[in-house]
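Subject: Structure handover and notes

Dear colleague,

Here is the structure I promised to pass on to you. My notes follow directly below it, arranged by topic so that you can read them with the structure open.

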Amino acid sequence: MPAPVLSVRDLAVDIRGSAVVDGISLDVGPAEVVALVGESGSGKSLTALSIMGLLPAAAEASAGSVMLDGTDLLRLDEGQMRAIRGERLSMIFQEPVASLNPLMAVGDQVAESLVVHGRASPREAKARALAMLRHVGIPEAERRARQLPVELSGGMCQRVMIASALISHPRLLIADEPTTALDVTIQAQILRLMKELRGEQGTAILIITHDMGVVADIADRVCVMYGGRIVETGEVDAIFEAPSHPYTRLLLGTIPRMTGTRKEALKVIEGTVPDLSSWPSGCRFRTRCPLADETCAATPPLAAIAPGHLSACWHIDQLASVS
């Protein structure tokens, strides 16, 4: 198999002495889409910001390694990271309007990384930015390129973010909730666009989401995250057909179904993700898990249950009763 573009090993992120990301490992291969899924508060976005070297001031990557094509990003200083961001490594942020410069024309923002990294002259960068805006499906690209973000819709701003992230043909694209708050038509268009660009450019993609429908649409492999840890990982078909952790099974159960009565209540996972200062000992899902017993006071290992399929649960033999 080809070497992974991204290889994260035993990554830990602390905030004021509490581990919000606790020893996670994952790989993303060339032209592969890996989904990192879980509820808000699971540590997904902090994992992404660790890879980008953009952790908030209160957070620190305290252990592990983040290898991008053999370079450990955690060992680089800010100047070295700036040379990589927008060049070999790009990110689509959760709030596109907030992430774009409100005082800068969107065409200039798309072209900016080419100029900063010496990949093109300002004139050439502008032409390539216009071509990329057209490629991501923005109509009247020349007129739109002169507009400010506030003059565009949320879907348009998301396309501008994708254009900006992909114009330098990065080795790895991180997409943090790229379809949140968009209507279903725009969601489908953006996911289709990401798949097309992955195929055309061979870009590896790490997509962060809580939406299992998005996972089913775009991902090759899935890493399920809870309480700062990966609790299950495997090929997308294996995760959907034979989920092997109670949390994964319950997440899949929350997907709305077309069958059933109109008055049937949507399924939810009881309880909430604990605050990072009050993680339970052992399995961190045990305060919400229907299978929890005294065994779960010890931390279950992330162990193989089939080739390429790993789960961290003491009660895999009882999972059929979880729904």
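In these notes a residue is called buried when its relative accessible area is under 20%, exposed when that area is over 50%, and partly exposed in between. Please keep in mind throughout that this is a predicted model.

I begin with the salt bridges, and with a pair inside one helix. Arg 128 and Glu 124 join their side chains in a salt bridge, with 3.8 Å from N to O, and both residues belong to helix α5, which covers residues 122-135. They are four residues apart, which is about one turn of the helix. The general background is that an α-helix has 3.6 residues a turn, so residues three or four places apart point the same way. Arg 128 has a relative accessible area of 28% and therefore counts as partly exposed, and Glu 124, at 39%, is partly exposed as well.

The count of salt bridges comes to 15, and some of them join parts of the chain that are distant in sequence. One is formed by Glu 39 and Arg 288, whose closest N and O atoms are 2.9 Å apart. Glu 39 sits in the loop between β3 (33-37) and α1 (44-52), while Arg 288 sits in the loop between α11 (246-253) and β11 (303-306), so this salt bridge ties together parts that are 249 residues apart in sequence. Both Glu 39 and Arg 288 are buried.

A second pair of this kind consists of Arg 171 and Asp 69, whose side chains meet in a salt bridge at 2.8 Å from N to O. Here the link runs from the loop between α7 and β7 (172-176), where Arg 171 lies, to the loop between β4 (59-68) and β5 (71-72), where Asp 69 lies, and the two residues are 102 residues apart. Arg 171 is partly exposed, with 34% relative accessibility, and Asp 69 is likewise partly exposed, with a relative accessible area of 34%. There is also a network of salt bridges, in which Asp 22, Arg 229 and Arg 284 are linked.

Asp 69 deserves a further remark for its backbone, since its phi is near 50°, a positive value in a residue other than glycine. Arg 16 is also not a glycine and has a positive phi of about 50°. Arg 16 belongs to the loop between β1 (6-15) and β2 (18-28), and with 71% relative accessibility it counts as exposed.

Turning to the interior, Thr 47 is a residue of helix α1, and it is buried, with a relative accessible area of 0%. If its neighbours within four places in sequence are left aside, Thr 47 is in contact with Leu 11, Val 21, Ile 24, Leu 36 and Met 225.

Helix α11 is largely enclosed by the rest of the structure, because six of its eight residues are buried. Those buried residues are Pro 246, Tyr 247, Thr 248, Leu 250, Leu 251 and Leu 252. Among the elements that cover them are α9 (212-218), β9 (221-226), β10 (229-235) and α10 (236-241).

Tyr 247 appears again among the aromatic residues, where Tyr 226, Tyr 247 and Phe 285 form one aromatic cluster. Over the whole structure, the search finds three aromatic pairs.

Which residues lie closest to the centre of the largest pocket? This pocket holds about 620 Å³ of space, and of the 21 residues that line it, the closest to its centre are Gly 86, Phe 93, Glu 112, Ser 113 and Ser 164. At least two lining residues come from each of β6 (89-92), α4 (106-116) and α7 (154-166), and α4 gives the most, with four residues. By character, the lining of the largest pocket divides into ten nonpolar, eight polar and three charged residues.

With best wishes

How values were computed:
Residues numbered from 1 in each chain as written. Predicted model: local features only at pLDDT ≥ 70, side-chain atom pairs only at ≥ 80, totals over all residues. Heavy atoms only, no water. Phe/Tyr/Trp six-rings, centres within 6.5 Å; stacked < 30°, edge-to-face > 60°. 1 Å grid on protein atoms, 1.4 Å probe; cavity = no way out; pocket = protein on both sides within 12 Å on 5 of 7 lines; lining within 4 Å. Points joined across faces, edges and corners; volume = space filled by probe spheres on them. Nonpolar A, V, L, I, M, F, W, Y, C, P; charged D, E, K, R; others polar. Salt bridge = Lys/Arg side-chain N within 4 Å of Asp/Glu carboxyl O. Buried < 20%, exposed > 50% of the residue type's maximum accessible area, 1.4 Å probe, protein only. Contact = heavy atoms within 4.5 Å.
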